Amino acid sequence: MTTTNRRTKENAVAHQGKHWIEHWEPENEEFWESTGKKVARRNLWFSVFAEHIGFSIWTLWSVIVLFMGKDYGFSAADKFLLVSTPTLIGGLMRLPYTFAVAKFGGRNWTVVSALLLLIPTTLAAIVLHPGTSLGTFLLVAALGGVGGGNFASSMTNINTFYPEKHKGWALGLNAGGGNLGVAAIQVIGLIVIGTAGATAPRLVLFIYLPLIVIAALCAYFFMDNLATVKGDTKAMREVVKEPHTWVMSFLYVGTFGSFIGYSFAFGLVLQNQFGRTPLQAAAVTFLGPLLGSLSRPAGGWLSDRIGGGKITFATFIGMAAATVVLILASTSKSLTLFTVAFIVLFVLAGIGNGSTYKMIPAIFRAKAKIAIANGAEEAAELLKARRLSGALIGLAGAIGAEGGLFINLAFRQSFADAKSGVPAFIGFLVFYGLCFAVTWAVYLRKPAEQPTSERGLALAGAEV
């Protein structure tokens, strides 16, 4: 090993304090294999754990509403409003959480964001009984939105640890492991309902309170801050002027917005459209988020090999087809067909989550290659690509999460007006049609058909 490489390796583990890494060079193959990979993986696993718990608390109310029988006095519309509230707040929290990594350090912010989950969980345990007003429940559910913010800070943090060629896998695994928090809390809700009955929702909260503390402690002892990650509000100002920002945010509304929206709504739809009991609904509700979470890394893996644009396009076609089946199952009152189609929709949304997030760094790297080919300085362009992709990951995550709000509000209105989810599904079908049309028009048409080289990203030789 040369003196320079030895110093690079030594600097990689030099800290400002015990958990600050001052030098990080993931695109350097020798650095990555000798030092970077091990450190990155350790941070990834504990980031996944903390994000997993965050997702569970964010989607807590998708479980709690199953415990709310007639003695609570809430209509189906009230319950859809209740699960919509944390979706809204969780999306809004993602923007400040994105900047928090650079401000406080990835490890430090993971500790803080995990501990913040204690607030909505404790308050829910206090107010959770018949007679509490809907307004009080809405306020406590809104506080649970902090769990949605964890995703943005976790993804932004892990994005800085990994080299470009491994981002699809790493970001997919990070997000998929976090998404599993939805299925996990729904399984715990099923176990509680099946053993203690539908009158013991506090048991779910008592299980999660110690898990929150464990997640914070693991982040404190085993994660690191990268000193090379600086506050970059300029990148956010730049990225909002980039047309691809709004295209990718729109597509992420279709993928992640569907995943999180259906995660909140699935149990309520089964109860109100097919008359399922809380136990019957809980017995299948977790399957969609579980399989959708597991399929997210597959979406990133496939995109690394085939191209994110191609996988995203195919995903939206599949989601549109699954939605048609849901409409047919609803009108024919086929519970089995409806359940299977809904679970397939979750799986496709998970794959799309992975493929769209893979597209983001690939787009900016492709743009950098175009600029370099035209004479721009290579290091500066690649750095710009990393800055802008990090900013867009946070922004798209925030905007995409609001898709979950729209889904639950659509279901609320659909059941209020038609006593059925069919009108909402028809709206979703139209939206998925727009999504696959936009994906094809912007990212899959041949370069010769594109009006500018900025849109003809294939010219850069990148599989967007």
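These legends go with several close-up views of a predicted model.

**View 1. How confident the prediction is along the chain.** This is a predicted model, and its protein chain has a mean pLDDT of 88. As for coverage, 92% of the residues reach 70 or more. Residues 1-15 are another story: pLDDT stays under 50 there, and the model gives this stretch 23 contacts beyond four places in sequence. Residues 448-456 also have pLDDT below 50, with 13 contacts beyond near neighbours in sequence. Where pLDDT is low, the predicted coordinates should not be read in detail.

**View 2. A look into the second largest cavity.** The structure holds 2 cavities of 30 Å³ or more, and the second largest has about 50 Å³ of space. Its lining is made up of S47, A50, E51, T110, S113, N150, S153 and S154. Three helices, α2 (29-58), α5 (106-116) and α8 (146-161), each give two or more residues to that lining. By class, the lining residues are 6 polar, 1 nonpolar and 1 charged.

**View 3. The largest pocket and what lines it.** About 590 Å³ of space lies in this pocket. Its lining counts 23 residues, and T160, T228, V229, R386 and R387 are the ones nearest the centre. Sorted by class, you'll find 10 nonpolar, 7 polar and 6 charged residues.

**View 4. Who contributes to the largest pocket.** At least two lining residues come from each of α4 (76-104), α8, α11 (233-239) and α17 (378-418). The top contributor is α17, with 5 residues. Both domains take part: domain 1 (36-231) and domain 2 (233-463) each supply at least three residues of the lining.

How values were computed. Residues are numbered from 1 along each chain as its sequence is written. This is a predicted model: local features need pLDDT of at least 70, side-chain atom pairs count only at pLDDT 80 or more; totals for chains, interfaces and linings use all residues. Side-chain values use heavy atoms; hydrogens and water are left out. pLDDT is the predictor's confidence in each residue, from 0 to 100. Contact means heavy atoms within 4.5 Å. On a 1 Å grid over the protein atoms alone, a cavity is a set of points where a 1.4 Å probe fits but cannot get out, and a pocket is an open set with protein on both sides within 12 Å along at least five of seven lines; lining residues have an atom within 4 Å of a point. Grid points are joined across faces, edges and corners, and a volume is the space filled by probe spheres set on the points. Helices (H or I, at least four residues) and strands (E, at least two) are DSSP runs, numbered from the N terminus. Ala, Val, Leu, Ile, Met, Phe, Trp, Tyr, Cys and Pro count as nonpolar, Asp, Glu, Lys and Arg as charged, and the others, Gly among them, as polar. Domain bounds come from an automatic or database domain assignment.
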